[in-house]
Amino acid sequence: MDILGLIVDLFTNADHFLVSLATDYGTLIYVAMFLIFFLETGFVVMSFLPGDSLLFVAGTVAASGTASPGIIMLAVALGAIFGNSVGYATGKWLGNKIYDGSVSWINPKKLSTAHDFYVKHGGKTILLARFVPIVRAFAPLIAGAARMNGLRFELFSGAGAVLWAVSIIGAGYLFGNIPFIKNNLSLILVLGIVAAILGPVLVGLAWKALQKHQAAKKAALENK
């Protein structure tokens, strides 16, 4: 098995990566999907792994009959749930140390973005964050540090993981055979990675602009 080649394909040619696993190694595609999404949320240092775009590509691969969409959805959902549980336990163990800079492997800027998201949405963050790249990797850590109720966390985590996996893999499965999409899967993956990097930044800028607008509107009303 060409491990290095498969890793390169994961980031540059995801359709080839998944098809190679499914055709050459059979059920290994399901193990790989579980591990990728377990690592993405279980260990924040792995948050760079491709998320939404890889799910969509997985759906398109399943649409070709190479793999079972249902089993891929199950593998991804379970990986995300178990990964969240590890992140939650890590955050609970570290407590406020995640904020004081003493933990070198925690990116403070990404942590701050996820923390603001958690403060705004509360427990629903665990469900909503599943659809927000980077934030989803840090949200369980913050929930654990905040001592969020464990059962409540797992309920939100499970719901978010299932909804996320089914919706995005399902979209890839339904639309994957459209010629333009089928012929540009690598481009879709690249665009997905770019969106993962720029998405939180754009959301943050939009939120600040909205707050500024609301503050100006409130000030104008007070001055009347």
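How much area does the protein expose, and what share of it do carbon and sulfur atoms supply? The exposed area is about 11600 Å², and carbon and sulfur atoms supply 69% of it.

**Start with the whole chain**

This is a predicted model. Color by pLDDT. The average for the protein is 74, and 62% of the residues score at least 70. Now show the secondary structure. There are eleven helices and zero strands. Read from the N terminus, the elements run α-α-α-α-α-α-α-α-α-α-α.

Keep the whole protein selected a moment longer. Of its 224 residues, 44% are buried. Look at the contacts too. Take those between residues at least 6 apart in sequence: 74% of them join residues at least 24 apart.

**Select residues 3-12, then 69-94**

Residues 3-12 are helix H1. Among the elements of the protein, H1 has the lowest mean pLDDT, 51. Residues 69-94 are helix H5. H5 has the highest mean pLDDT, 91.

**Stay on H5 and pick Leu74, Leu78 and Phe82**

Show their side chains. Leu74, Leu78 and Phe82 make a nonpolar patch on the surface. Together they have about 270 Å² of accessible area. Zoom in on Phe82, which sits in H5. Its relative accessibility is 44%, so Phe82 counts as partly exposed.

**Move to Tyr118**

Select residues 108-121, helix H6, and find Tyr118 within it. Is Tyr118 buried or exposed? Tyr118 is buried, because its relative accessible area is 15%, below the 20% cut-off.

Next, show what Tyr118 touches. Leaving out residues up to four places away in sequence, its contacts are Thr125, Ile142, Ala143, Ala146 and Met148. Then draw a distance from Tyr118 to Ala139. Their C-alpha atoms are 7.0 Å apart, although 21 residues separate them along the chain.

**Finish at helix H9**

Select residues 150-175, which form helix H9. How far apart are its end C-alpha atoms? They are 37 Å apart. The helix has 26 residues, so at 1.5 Å a residue it should span 38 Å, and the two values agree.

Now pick out the buried residues of H9. Among them are Phe153, Phe156, Trp164, Ile168 and Ile169. The buried set also includes Gly158, Gly160, Gly170 and Gly172.

Which helices cover these buried residues? Turn on helix H3 (28-42), helix H4 (52-63) and H5. Add helix H7 (125-128) and helix H8 (135-145). The cover over the buried residues of H9 includes these five.

Key:
Residues numbered from 1 in each chain as written. Predicted model: local features only at pLDDT ≥ 70, side-chain atom pairs only at ≥ 80, totals over all residues. Heavy atoms only, no water. Patch = residues over 30% accessible without salt bridge, like charges linked within 9 Å, V, L, I, M, F, W, Y side chains within 5 Å. Areas by Shrake-Rupley, 256 points an atom, 1.4 Å probe, with all protein chains shown as cover. Salt bridge = Lys/Arg side-chain N within 4 Å of Asp/Glu carboxyl O. Helix = DSSP H or I, 4+ residues; strand = E, 2+ residues; numbered from the N terminus. Buried < 20%, exposed > 50% of the residue type's maximum accessible area, 1.4 Å probe, protein only. pLDDT = per-residue confidence, 0-100. Contact = heavy atoms within 4.5 Å. Expected span 1.5 Å × (residues − 1).
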